[in-house]
Every structure is written in C-alpha cells, then in structure tokens.
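Biologist: I'd like to go through this one slowly, a question at a time. Could you put it up on the screen?

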Amino acid sequence: MRYNLKVWQIERQCLFDLTWGKGQQLSARLVFPETLTNLYQTWQLAYLNFYKSALRAKVKGSGSIPAPTIDWRANLVQAEAQFLAEFHYWLNSPELVPMRSEIARAATQQDNSAAIDLFLTCEAIELARFPWETWEIATSLAIAKPIRIARSPVNIRAEVSQRQRQGKLRVLAILGDDTGLDFQADRLALRSLSKVAEVTFIGWQAGKDNGDLKEQIRQAIADERGWDILFFAGHSNESAISGGELGIAPNQSIFLSEIAPQLLLAKTRGLQFALFNSCNGLSLAESLIDLGLSQVAVMREPIHNQVAQEFLARFLPSLAKGQDVREALLTACQYLKLEKNLTYPSAYLIPSLFCHPEAVPFCLPPKNWRRWIGQLLPSPKQAIAVGALAAISLWYPVQDWLRETRVWSQAIYRDVTHQVPIANPPVLLVQIDEASIQNLDGRKKNILDRRYLAKVLDKVQQLQPKVIGIDYLMDSSMQESPDEDRQLREAVENAVRKQIWVVFATVQGANAWVVTDEMELTPTVVNPKTTMRGYINVPLWYLEILPDQVRCSDRCPFAYLIALASAVALNPHANLPKPSLDNQDNLRTQLIQALDTAPNSKHPYQDLAAYLHRLRLPAIYDFSQKFDQLWLQPILDFSIPPDRAFKSITAKELLSDNFDANSLSSHPIVIVAPGGYRQAGVDKEGQDNFSVPMAIAYWRDKYPAISTVPHVFVGAEAHAYAVHHLRSRHLVVPIPDLWMMAIALVVGRATVLIYLQRDRNRTHWMISLAIANSIYAVTSWQWYISGLVLLPWLLPSLTFWICVLPVLRRKSHGAR
C-alpha cells in the first residue's frame, strides 16, 4: 500500500495532505511552532561543533575527531533529545490523528503487501531538513507491516525509466576532492561488491593532470554500457539554481546541471540508484528525481568522514544480501543508532532516501538460475525478429532451399579440401532414356512396354549382380497384354533361379509422410514369395528410414530393401533366406524374421545386415511430424560426386551388340529405372524428372562425363545415393535450424553480457565475432564430413547477429 503525504508551510501554519488509493484524501492544518526551528538550529550547531573536522564539505581538518574543550557531545545528545521530543509532539497533534490512524489501519491489514510506503514531500527546504524518518506513526497500535518513509521532491517533470540493464551489475564510483578526507574505506566497501558487481572508479588523483577531469566524468557517466548504481564520495554542497555542487578536485567543482545530459543518458541506459556519501545533498536528490532517476540516497547535513564510511560499510553489505535500498538504508541507520550512537551521536538522523513515486525499490538481482535465464532472454524487438526467423525456418520450402544451398557449399568445400571419397560405387544404374525407347510404340512410353523391360532385365543378369532393383510400378491397372506380363515374369523368375534378389518399386498412400499400406502390384509379375517390394514416394532428397516401432515386414523403403538384400546376399555363410521359386512364404517377412533371431557376427556384411535391420529414426522424429517437420531424418549427401555413389549407363548401351558385360560385373547392385524421358512418372508425365540440385549441378559442371541425363535429376539417382549411404553407413543427420537458432540466441545473449561487462574496442569485437562466425562455418563444413552432422549456418548466424549488433553498433562513450 502506498500513501503520499505533502506538507506545505504558509507563514506560521503547515498544511498536511494525505492521498492514497483511488482518489482518497485527508487534509489537516497545524500551527508550526517557532520553538521547533530554534531547537533544530540548536541541535545543528551542536552537531556541527562536534563533527567540525573531517566533514565531507569544503573545510579543512585533520581527519579525526578532536577532544573538544567544550563537551559538545553532551550538548549534542541533549539538543537531539529536545529537538526530537518537540518534533514528535508536534507530529502527534490531534489534527493528524485521522491520517496516522488511516496509515496504521493499512499496516494492520493482512494482504499481499510486505510494507506500507509513505512518500513524503516537503515544499519548504526548512521542513525538508527535519528527520521525518524518525516519525513513529503507529507506536500505540499492533501493526503487522513496517511503515517505510521515503522522500519525494515537489517537482518531478520526468517519468521514471523502466529499463533495466542486462548483465553483471555495474557501479560507477566518482571519488572527488579528498582534502582532509580518506576514501580508502570507501574503496574497500565498494570492492566488497566485486562478486556481484563490476565497480569502476574515476576521479581526482594526486600528481596527475586533472585538467580534463570534468570531461572524463561526463564520458564515464554516459558510458554506452550503462550503470546500475552511481556513487559519489567527497565534498558537496546545496545549490538551488544548479541542482547541487560536487567537489571533484581541490578548488574544482562540477554542478549537477553540467552533467544533467549525461545523467539522462545514463537513466535511459539503466541507471536506477545514486548514493551521494557527501554533505548537504537535499538539492542533489531533488534534482536527480526531477530528472527521472528512480532512487537517490543522500546526507541532508554535513557528514563526518568516519560516519560516512561506517554508513557505507553497513549499507552495501545489506544491499548485497538482497535488501532493497529502503531496507538497506534503514538497516544502516539502525546500526548507527543502536551500535554507534555513543561514538557518532545523531549520525543516524542524517541519511535520507528520495524516490520517484513510480519507481520499484532497487535491489541487487538474486544470484539464481532464474536471473541468469532472464538475462539471456532477448529484448522485445529481438524476440520479434528471432520469432519471425523461427517461423520461417519451419516452412518446408525455406528448409529445402537452406538445405540445398548448404549441401552445395559442402560440395565446394569437399572439392577444395580434397576430401572426396574414393570411387568404388556399389550401384550400377541402368537408365531407360529417350534414346533407349525411341523405337517403341508411342503408347508404350508412358506405360513402359514390359517386354522391353524384360529384355533389359535378361541383359542385366549377365552382369551377375546380387540385387536388382526395378524402379517401375508393376500396377495391374497399367497392364497392356498378358504376353507382356509373361515375358517379364519369366525374366524375373530367371533372376530368382540365380538367387538374385529382385526388389520392385511400389508406393504407399498419397503422401510418404503418412503411414499407409503399400500398393498391391501385378501378382502375375511380382510374386511376394520370390521377390520383395519397397515404396519409393519419400520426402525429396531425404534418406528414407523407418520410424521407431515400425517393422520392415509391414512396409519398407525401396532403397533400404536393396541395401539390406545386398548385405545378406554378399554374406554366403549367413543362415538367412535366399530367393527361390520354392518359397512358400512372403520373402520380405521371412528375411525380417530371420534377422530378428540372427546371432551377432564379425563378418562385415552380416554386421551390416544387422545394422540396417536395427536402423530406425529417433523418437523425436515422430513428435516433429505433428508439425510437418522431419527432425533428424538423414539427408542424401549430394556433396559426394555422383560417380562415387553409382555408375550409370543407358539401356540402349546395355542392349547394344558390342556391350562388354565384364566391364560392369563389379557392381553387386543394379537398378533399372527411367532415365529422364518426358513421359516418366507415377501419376503424370515428367513426375520422375526433377530440377538438378545445386550440388549435383556443381559436380556435373566440373565433370560433364559423369551424367547420362544432364538436363534433369531423376528419382533413380536419388535411390542410388540412398543405397550407397546405407551400405557405407554414411548417414548425414541435419540438425534443425530451430534448434541451432535457440543455441545461437543463448550464445548471442551471453556474448552481449560478456561484452557489456568488459571494456573492449568495438571494432576489435566486431572483427573477433566475424572471425568466430567464419570459424563456425568452417567447423560445420568439416564436421559434416568427419561427424556426419549438418549444422545449419545462415539462420543461426542471423539470430546471433540480431542479438549482438544492436549493442555493437552503439558508439562507445565510456572509459574505465
């Protein structure tokens, strides 16, 4: 609960106006006793005589309390008692009982507020000098909450800044003229905050040229990194016109009005609290609150050097323990009253806290994980920018473009660093291109003449492969004549007799991202007891692997089945099923069940078969599909040149009379597929012909001879890459952009915090961070090759720079 109390003095009367809540108000009028002014002056005289040396005002002294010839201590104690008695008697006048009762009532209520805050505004400077903080408003009532009195100036023209600095707490300590003083204890007290704050000292130094000291102070206050606390120790005095005078060096002062622009900058950059551990600070506090500063602690009267040090030595540790400035100041004053009153009488009456009415009491942020997480959070503008990037990163066309450009750059890196794999492609790709089918009936180009396919299959068997993949749909709806099926069936059966695994292409549903049944193929050609089938409609340029908990006996990718069959076929010692016309059960189901119970083996192909049998996508993939994402699904690595993954010839070359079968007998796998002719496709013409990926285009431009179909990239080439990757266990896993953007956001915010805590050259930081970003790019290229992990670069880098550029672009004003 917050109350505002304003006190005016009009001739010999004082007006009290208490406001709170939603327009509630109480007013009272009191006669101001002349004796109160006399008692204050008597107390002030005794106070100044007792503390007449080593005051933090422009006087000279030895720095210690001398033994007076008059017992000024006794005079001071007596004057204090008389003054406070009269002051409290006046404040306990019957006219103020309604106000005191209202405040006490709020203090007795049980609610969420921890204390009752009373903001006091005194229009006359004579009233402001009185120790209103000693007013015990509710002494006779049992109150549940403390009543905290803070001061507020008459004029407040600026609103309080709500901006809080991020990063480690920063304290600017200005040490002024130390004539007759000793600031060593102040330095030690401030350095005790080093674990929770960065403390920067600036000020006059004996033996050095201090001609530009004013400018140094201005620049320090306006440091672009901002400050949380401003501290001043030295001589100071009131100045109604200029807002206060600070002695910064012998015979050199700076007025508050001279540093007002810099203080406004500091406020906008996070300055929340100022402590003037010096004399006569009323005008300083009122001027700073008028500028919009949140809270200012001052000494209303001249303060002895040792008292100022005792106050600081108690105030700062309380602040470091988590108390806000109101509680810490009260703790320090209570210490001076209860523990040091014999040594320093009346010292507890001097400190006062001025607050902007809308300010939140300043306290050091707690050292816990919530604070560190809070510091890593972006600003609202940064959050909007990063959020937009995050939304873009989830859009599949953007993902496709980012992945393609990333793999293209990877191809260049492989080539430049000579890290291209040795050419030993396991797959021979027989492509039926335009030249191969130019003599066929035009009707047989869209739905390929199965007699022609049988002829190709018979020729392929002369190469003695272990596995033949047929990337044509044997859909019964496409059947033209029984004779076609008969010839193709006979070619397939001939291959099975030679124990060649034959894998046909099929499709599942309308979308490969949705688990549906595979299409049934022509039973007169595709016998599931002697051959296998695998689906081919998969996400473009991704390596299709089954999700967790899905068995290959239920559905299986085309390329995966070819790789698995080749691993089984190349291990003659394995007790696993083999293609046979005598099989009575589903061949694919037999193979998967046999692999379920197959013992471990050191044979490389048996081990490969077991590896492929166990291979599944991570569980998070299933979760990502709820958002139409393919998290951690391996990609086809087009950074490897095509001739390192497969060898390709056309069907026309294969069927030519002068074809030498021995020259291509080293390939255990043969895939027969469309080779880019216009009619190739499942549902429509040209569906099997794709734009050439950028990385493939790079290799084709560099080595034109490696491509049999230069103008397009056909689906079978992707299957050949997939078989190569599965057989060589070359599974490149892309880390989602969204994940790396989150990491880049944390790294960027952490970099900002580090930058704000250090005094570094901005240009050096820019160059260093640009180099670090480049090192990340090179590291990501190399890790792609060495660790088979694709780390995105563009969006994470943009996220990082969104975090750091706003800070780095600011012009530096500060110096340490």
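Modeller: Here it is, and keep in mind that this is a predicted model. Let's start with a charge and a ring: Arg 729 lies over the face of Tyr 611. The distance from the ring centre is 4.6 Å.

Biologist: Which ring does the charged end of Arg 314 sit over?

Modeller: For Arg 314, look for a ring whose centre is 3.9 Å from that charged end. The ring belongs to Tyr 335.

Biologist: Now rings with rings. How many aromatic pairs does the structure hold?

Modeller: Two rings count as a pair if their centres lie within 6.5 Å. With that cut-off, the number of aromatic pairs in the structure is 36.

Biologist: Take Tyr 413 and Trp 781: is that pair stacked or edge-to-face?

Modeller: Their ring centres are 5.5 Å apart, and the planes meet at 25°. Planes under 30 degrees apart count as stacked, and over 60 they'd be edge-to-face. The 25° angle therefore makes Tyr 413 and Trp 781 stacked.

Biologist: How many residues apart in sequence are the parts that this pair ties together?

Modeller: Tyr 413 belongs to helix H13 (residues 396–416), while Trp 781 belongs to helix H27 (residues 762–786). So the pair links parts of the sequence whose separation, in residues, is 368.

Biologist: And is Trp 781 buried, exposed or partly exposed?

Modeller: Its partner Tyr 413 has 14% relative accessibility, so Tyr 413 is buried, the cut-off being under 20%. Trp 781 comes out at 24%. Exposed would need over 50%, so Trp 781 is partly exposed.

Biologist: What kind of aromatic pair do Phe 800 and Trp 801 form?

Modeller: Phe 800 is buried at 11% relative accessibility, and Trp 801 is buried at 17%. Their rings are 5.5 Å apart, centre to centre, with 85° between the planes. That makes the pair edge-to-face.

Biologist: Back to H13. What span is expected for this helix at 1.5 Å a residue?

Modeller: H13 has 21 residues, and the expected span is 1.5 Å times one less than that number. In the model, H13 reaches 30 Å from its first C-alpha to its last, close to the expected 30 Å.

Biologist: Which residue with a positive phi follows H13?

Modeller: Most residues other than glycine have a negative phi. After H13 there's a residue with phi near 55°, and that's His 418.

Biologist: Asn 280 and Gln 549 have positive phi values too. Is Gln 549 buried or exposed?

Modeller: Asn 280, with phi of about 50°, sits in the loop between strand S12 (273–277) and helix H8 (282–290) and is buried at 13% relative accessible area. Gln 549, with phi near 75°, is in the loop between strand S18 (532–535) and helix H18 (558–569). Its relative accessibility is 70%, and over 50% counts as exposed, so Gln 549 is exposed.

Biologist: Let's finish with a sheet. Which are the edge strands of the open sheet S9-S10-S11?

Modeller: The sheet has three strands with antiparallel pairing, in the order S9-S10-S11. An edge strand pairs on one side only, and that describes S9 (235–237) and S11 (252–255).

Biologist: What angle does helix H6 make with S10?

Modeller: H6 (residues 213–221) packs on this sheet and touches S10 and S11. The direction of H6 and that of S10 make an angle of about 115°.

Definitions and conventions:
Residues numbered from 1 in each chain as written. Predicted model: local features only at pLDDT ≥ 70, side-chain atom pairs only at ≥ 80, totals over all residues. Heavy atoms only, no water. Helix = DSSP H or I, 4+ residues; strand = E, 2+ residues; numbered from the N terminus. Buried < 20%, exposed > 50% of the residue type's maximum accessible area, 1.4 Å probe, protein only. Phe/Tyr/Trp six-rings, centres within 6.5 Å; stacked < 30°, edge-to-face > 60°. Lys NZ or Arg CZ within 6 Å of the ring centre and 35° of its normal. Pairing = 2+ DSSP bridges. Contact = heavy atoms within 4.5 Å. Axes fitted to C-alpha atoms, helices over the stretch in contact; angles between N-to-C directions.
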